[in-house]
Amino acid sequence: MHAARLGRTARLRREALAAIEKYDWPGNVRELKNALERSVVMSRGEEIGVEDLPHEVVHGEAISVKHRGDENDHGIGERDFREAKRKFEVAYLTRQLGEHRWNVSRTAATIGLHRQSLQEKLRELGIRRPGREPLEDE
C-alpha cells in the first residue's frame, strides 16, 4: 500500500519479516503501518531489510519474552473491574506518552483523543511526567 502510493516496489526480506513478527506492536496496526511506511521510504532498493526497519522493532523484545510473567499484568489479575480498568489506563497512557516523549498533543492524536480530554484523564489518574514535582495544592 505504502510502496504503491510512493511509486515504488518493496518486498520484505526474510530477516525483516522475522523481526516484524517477533515485535510486540504496542501501538497495534497503526504502529505497524507507520513502521512499514518509514521502512519503504528508508529502503534504498526494492527489498526492505532489517537495516530499514525502525530501531525499536529490530531491537525490541520478542512477544514471548515481554509477556512471560505476571509482574506487569496491568490490571488483568484484579478482581475489581474499576481497579483493573484504572491500572490498564495508567499503564497504557504512560507507555503511549513515553513513546511520544511525553508530548501530550501528539499522544492524544495518536490514540484518538482530544488534547484536553487526555489532559483531563492524566489529572484524574494522577499521571505525571517522570521527574516532575507534584503541585503544591496536591
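This tour goes through three helices, H6, H7 and H8, and a ring pair in a predicted model.

Begin by selecting residues 81–99, which form helix H6, together with residues 104–111, which form helix H7, and look along the place where their axes come within 9 Å and cross at roughly 120°. Because angles of 65 to 115 degrees count as roughly perpendicular and over 145 as roughly antiparallel, H6 and H7 are oblique to each other. In this arrangement H6 passes H7 in a right-handed crossing. To see the side of H6 that takes part, show Tyr92, Leu93, Gln96 and Leu97, and on H7 show Val104, Thr107, Thr110 and Ile111, which they meet. Coloured by residue class, this contact of H6 with H7 divides into five nonpolar, three polar and no charged residues.

Keep H6 in view and add residues 115–125, which form helix H8; the axes of H6 and H8 come within 11 Å and cross at roughly 125°. H6 and H8 are therefore oblique to each other, and their crossing is left-handed. On H6, the residues to select are Arg86, Glu89, Val90, Leu93 and Leu97, while their partners on H8 are Leu118, Lys121, Leu122 and Leu125. The contact of H6 with H8 holds six nonpolar, no polar and three charged residues. Leu93 and Leu97 deserve a second look, since they appear in the contact with H7 and again in the contact with H8.

Next, hide H6 and leave H7 and H8, which pack at an angle of about 105° with their axes 8 Å apart. That angle makes H7 roughly perpendicular to H8. Val104, Ser105, Thr107, Ala108 and Ile111 in H7 can be selected against Arg115, Leu118, Gln119 and Leu122 in H8, which they meet. Here the residues divide into five nonpolar, three polar and one charged.

Finally, bring H6 back and select Phe88 and Tyr92, which both lie in this helix, four residues apart, or about one turn. The structure holds one aromatic pair. Phe88 and Tyr92 form that pair, with ring centres 5.7 Å apart and 20° between the planes, and the pair is stacked. How exposed is Phe88? Phe88 is partly exposed, its relative accessible area being 46%, and Tyr92 is likewise partly exposed, at 31%. Tyr92 also links this last stop to the opening one, as it is among the H6 residues that meet H7.

How values were computed. Residues numbered from 1 in each chain as written. Predicted model: local features only at pLDDT ≥ 70, side-chain atom pairs only at ≥ 80, totals over all residues. Heavy atoms only, no water. Axes fitted to C-alpha atoms, helices over the stretch in contact; angles between N-to-C directions. Helix = DSSP H or I, 4+ residues; strand = E, 2+ residues; numbered from the N terminus. Parallel < 35°, antiparallel > 145°, perpendicular 65-115°, else oblique. Left-handed = near helix turned anticlockwise from the far one by under 90°. Contact = heavy atoms within 4.5 Å. Nonpolar A, V, L, I, M, F, W, Y, C, P; charged D, E, K, R; others polar. Phe/Tyr/Trp six-rings, centres within 6.5 Å; stacked < 30°, edge-to-face > 60°. Buried < 20%, exposed > 50% of the residue type's maximum accessible area, 1.4 Å probe, protein only.
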